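User: Please show me how to read this fold, one feature at a time. I would like the rule, then the case.

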Amino acid sequence: YIQRTYNLTKGVNFEEEKDTRYMDLNLGENEILKARIKQLELAMDVMVHSSSFLLPYNPAEETRYALVVLNQNLPRFTPLLWEHATLRLCADGGANRIYDELPLFFPHEDASSIRNRLDCLYIEQNYFRYKPDVIKGDMDSIRRDVLDFYVSLGTQVIDESHDQDTTDLDKCILYIRDSASNLESSRFQILATGALGGRFDHEAGNLNVLYRYPDTRIVLLSDDCLIQLLPKNHLHELHIQSSLEGPHCGLIPIGTPSAKTTTSGLKWDLSNTEMRFGGLISTSNLVKEEKITVESDSDLLWTISIKKTGLPLENNTP
């Protein structure tokens, strides 16, 4: 249907007010919007986004993940993220969270047995399943007993207390970017837990990291929602895992106003809409379709709620 509408409007310049050839086709606003989106798909780089990390681990999945654990409460799906991740980092006090809170996801197991559990796939190498690969930061939050424990398991510790100009998340992102060639694939995405909630200045600093590294796919996660950056001048396709996320969502321009943003698949779609702080921003919107498209002349934050039920968490197996 979209392809047929596009073929009818091929050559029409929707940005030029004088180009009214589409009016002779008696197309509705929705048809015009979809034809415009098709034009954008052909003219722009398409970035595809999916929260497949909330689904059970699939070894055949092409995307590879790095997990960064910050010093806030672990979301209930942390064991699932840990399973997905190829590289696992704790940002300073995030190691306390793994040590204290991760065993709580397995209430029928002794905490010590969880912390010392060998990975069944790498028993011969004595690879501990819930051992961070790296602990990095300014080391002002991690407890000495936690640090000593993970050092004894072989975790690499990188003390960057000399650098007070970047956040612990910044430091971990840089490590992951430098290590990308060592991952199974260069196509990786960074998942950061504990990046939302707590002190607002910390939260704002974590949002700023998304803007510092717009060419790196970073998702900030809490128990309630996720946030990621949609860089400008791309057509973004967001494939919604409707059993796990939504319906509440938002598109927020931080730093730079958006003169034109166009979407499809939302209850309240935008059509060349201006958004800015002090004016309109798209909050408390609702996903309506399984695929959302977003195109804007400004970087936007995309946020969507994470459902309390439906996640494959009930049968955690350590």
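User: Start with α6. Which residues on its other side are exposed, and how is exposure defined?

Analyst: Exposed means over 50% relative accessible area, buried under 20%, and partly exposed in between (1.4 Å probe, protein chains only). Arg144 and Ser152 are exposed in α6. Before going on, note that this is a predicted model: local features need pLDDT of at least 70, side-chain atom pairs pLDDT 80 or more, while totals for chains, interfaces and linings use all residues. Residues count from 1 along each chain as its sequence is written, and side-chain values rest on heavy atoms, with hydrogens and water left out.

User: Which residues of α6 are buried?

Analyst: Helix α6 spans residues 144-153, and Val146, Leu147, Phe149, Tyr150 and Leu153 are buried there. Seen down the helix axis, the buried residues of α6 fall within an arc of 165°, so they line one face. The arc is taken over the directions from the helix axis to the C-beta atoms. The general idea: an α-helix has 3.6 residues a turn, so residues three or four places apart point the same way.

User: What covers the buried residues of α6? And what comes just after α6?

Analyst: The cover includes α4, α5, β4 and β5, where contact means heavy atoms within 4.5 Å. Just after α6, Gly154 takes a positive phi of about 105°.

User: How are the helices and strands named, and how many does the chain have?

Analyst: They are DSSP runs numbered from the N terminus: helices are H or I over at least four residues, strands E over at least two. The chain has eight helices and 15 strands.

User: How many of the eight residues of α4 are buried?

Analyst: Seven of the eight, so "mostly covered" fits by the burial cut-off. They are Gly94, Ala95, Asn96, Arg97, Ile98, Tyr99 and Glu101. What covers them includes β2, α3 (78-84), β3 (85-91), α5, β4 and α6.

User: Tyr99 is on that list. What charged end sits over its ring?

Analyst: The rule first: NZ of Lys or CZ of Arg must be within 6 Å of the ring centre and within 35 degrees of the ring normal. Here the charged end of Arg115 sits over Tyr99, 3.9 Å from the ring centre.

User: How many aromatic pairs are there, and by what rule?

Analyst: Rings of Phe, Tyr and Trp (its six-membered ring) pair if their centres lie within 6.5 Å. Planes under 30 degrees apart are stacked, over 60 edge-to-face, and the rest tilted. The count comes to six pairs. One of them is Phe53 with Tyr65, edge-to-face at 5.9 Å centre to centre, with 80° between the planes. It links distant parts of the chain, 12 residues apart: Phe53 lies in the loop between β1 (46-50) and β2, Tyr65 in strand β2. Phe53 and Tyr65 are both buried. Phe106 and Tyr130 form a tilted pair, 5.8 Å centre to centre and 40° between the planes. These two are 24 residues apart: Phe106 in the loop between α4 (94-101) and α5 (111-115), Tyr130 in the loop between α5 and β4 (134-137). Phe106 and Tyr130 are buried as well. Trp82 joins Phe106 and Tyr130 in one aromatic cluster.

User: Now the sheet. What is the order of its 10 strands?

Analyst: Strands pair if DSSP finds at least two bridges between them. This open sheet runs β5-β4-β3-β2-β6-β7-β8-β15-β10-β13, with mixed pairing. Its edge strands, β5 (156-159) and β13 (282-286), each pair on one side only. Neighbouring strands are turned by 20° against each other on average, direction ignored. Axes here are lines fitted to C-alpha atoms (for helices, over the stretch in contact), and angles run from 0 to 180 degrees between N-to-C directions.

User: In which sense do β2 and β6 pair?

Analyst: Parallel, over six bridges, between residues 64-69 and residues 188-193. Val69 stands opposite Thr193 in β6.

User: Which strands pair with β9?

Analyst: β1 pairs with β9 in the parallel sense over five bridges, with Val46 opposite Leu235. Strand β14 (residues 291-296) pairs with β9 in the antiparallel sense, over five bridges. There, Val294 is the bridge partner of His236. Strand β9 (residues 235-239) is mostly covered, with four of its five residues buried.

User: Last one: why does Arg76 count as buried?

Analyst: Because its relative accessibility is 17%. Arg76 is found in the loop between β2 and α3. Its C-alpha atom is separated by 9.2 Å from that of Lys308, 232 residues apart along the chain.
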